Amino acid sequence: MYFASDNSGPMHPAVAQAMIAADTGYQPSYGTDPIMDGVRAQIRGIFEAPEAAVYLVATGTAANALALATLAQPWETVFCTPLAHINVDECHAPEFYTGGAKLSLVGAGDKMTAEQLRARIESWPKGDVHTSQRGPVQLTQVTEMGRLYTLGELHALTSTAREYGLPTFLDGARFANALVALDCSPAEMTWKAGIDALSLGGTKNGCAGVEAVIFFDPKHAWEFELRRKRGAHLFSKHRYLSAQMQGYLDGDIWLEAARAANANAARLAAGLRSVPKLEFVEKPEANMIFATLPRHEHQRLKAAGAVYGLWGDLEGDADERLMMRLVCDWSISHEMIDAFISLAKG
């Protein structure tokens, strides 16, 4: 009963097979391999963006930090939510790679509104040499609490950013999960909604370790290439990144895997609604579930071998409610889901 993270699941067989197929003979290095040429063309086609600059890195932290470094000057501030990965999960990597850009927090949780963003931007006086200058806006889709920005919400936020001449970067570690949940096109959820740059996640959705960074305006291409190399994230045997992304995209495996993950989470959520002591923190919208249970219930679940994220210690007041995070990937079986539901019901 493993629901700790979609980072923990296996590669999708199609991705593994693509890597095996690439593991023969000799190919050019550092991203000049012919597989990458195909991947670049494929991503441009998927996003209806023929001029987009497309690059691959191995981790989400590298994708986020290097992309933001390309969009932000060291004296600027990046606007993000308090729960954004770049604020709580990346060990100051954005600050490091930007050369010192500040993070300005917007809202109180995992989502921001256009009104909150406007107020936070206005809190930094324009043209005051003594303060941070206004910089990029960063959004996460699916959010860190498993929620979604609607297309309307994205439009409102990017429109606000553009009023101030600011670009918007989308952390899409679970982009595919959001895409199938909203039932829209990749273009509709990115550049058509005003997004300037995107990290397209693969690692959480069936890849071994690959993320794409996409700039819809190619003017950023050369700077990103330099920053990727200078930041030690340009792979020499790049074909193994390219092959993963190729296997991920071919035949819409990325969408198939995301649909499976979301469906698994929906099955799990449906079963957990009949657990008397469980309360959902947020309505599950993709492949993550946040809920609370009394500590004694967590003790029982953990003792039975259930693995999931837990906010708080297992020792303490038996009746204190603690938050849990349950994440489903494409590979989790219905048997595993049903076993956990049965255990939770007691």
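A residue is called buried here when its relative accessible area is under 20%, and exposed when that value is over 50%, with partly exposed in between. Keep those limits in mind while touring this structure, which is a predicted model.

**First stop: strand E2**

Select residues 76–80, which form strand E2, and notice that the strand is mostly covered, since five of its five residues are buried. The cover extends to both faces, with Glu-76, Val-78 and Cys-80 buried on one side and Thr-77 and Phe-79 buried on the other. Now add strand E3 (residues 102–105), which pairs with E2 in the parallel sense over four bridges, and find Phe-79 standing opposite Ser-104 of E3. Then add strand E4 (residues 133–140), which also runs parallel to E2 and is joined to it by three bridges; here Glu-76 stands opposite Gln-133.

**Second stop: Glu-76**

Stay with Glu-76 and show its side chain, which is buried yet takes part in no salt bridge, the nearest side chain of opposite charge being that of Arg-227, 9.5 Å away. What does the side chain of Glu-76 reach at 2.9 Å? It reaches the backbone nitrogen of Gln-73. If you leave aside neighbours within four places in sequence, the residues in contact with Glu-76 include Leu-71, Ala-101, Lys-102 and Pro-136.

**Third stop: an open sheet**

Move on to the open sheet of four strands, whose order is E8-E9-E11-E10 and whose pairing is antiparallel. Strand E8 (279–280) and strand E10 (309–311) stand at the edges with a single partner strand each, so one side of each has no neighbour in the sheet. Select strand E9 (residues 288–294) together with strand E11 (residues 321–327), and you will have an antiparallel pair held over seven bridges, in which Thr-292 stands opposite Met-323 of E11. Helix H12 (residues 295–303) lies across E9, E10 and E11, and runs at about 115° to E9.

**Last stop: backbone details in loops**

Most residues other than glycine have a negative phi, and most peptide bonds are trans. Select Glu-48, in the loop between helix H2 (34–46) and strand E1 (53–57), where phi is positive, near 55°. Glu-48 counts as partly exposed because its relative accessibility is 42%. Go next to Ala-232, in the loop between helix H9 (221–230) and helix H10 (239–249), which has a positive phi of about 65° and counts as exposed because its relative accessibility is 66%. Finish at the peptide bond from Gln-141 to Val-142, which is cis with omega near 5°; Val-142 is found in the loop between E4 and helix H7 (151–163).

How values were computed:
Residues are numbered from 1 along each chain as its sequence is written. This is a predicted model: local features need pLDDT of at least 70, side-chain atom pairs count only at pLDDT 80 or more; totals for chains, interfaces and linings use all residues. Side-chain values use heavy atoms; hydrogens and water are left out. Helices (H or I, at least four residues) and strands (E, at least two) are DSSP runs, numbered from the N terminus. Buried means under 20% relative accessible area, exposed over 50%, partly exposed in between (1.4 Å probe, protein chains only). Lys and Arg count as positive and Asp and Glu as negative; His and the chain ends are not counted. A salt bridge is a side-chain nitrogen of Lys or Arg within 4 Å of a carboxyl oxygen of Asp or Glu. A polar contact is a pair of N or O atoms within 3.5 Å; within protein, one must be able to donate a hydrogen and the other to accept it, and residues adjacent in sequence count only if both atoms are side-chain atoms. Contact means heavy atoms within 4.5 Å. Two strands pair if DSSP finds at least two bridges between them. Axes are lines fitted to C-alpha atoms, for helices over the stretch in contact, and angles run from 0 to 180 degrees between N-to-C directions.
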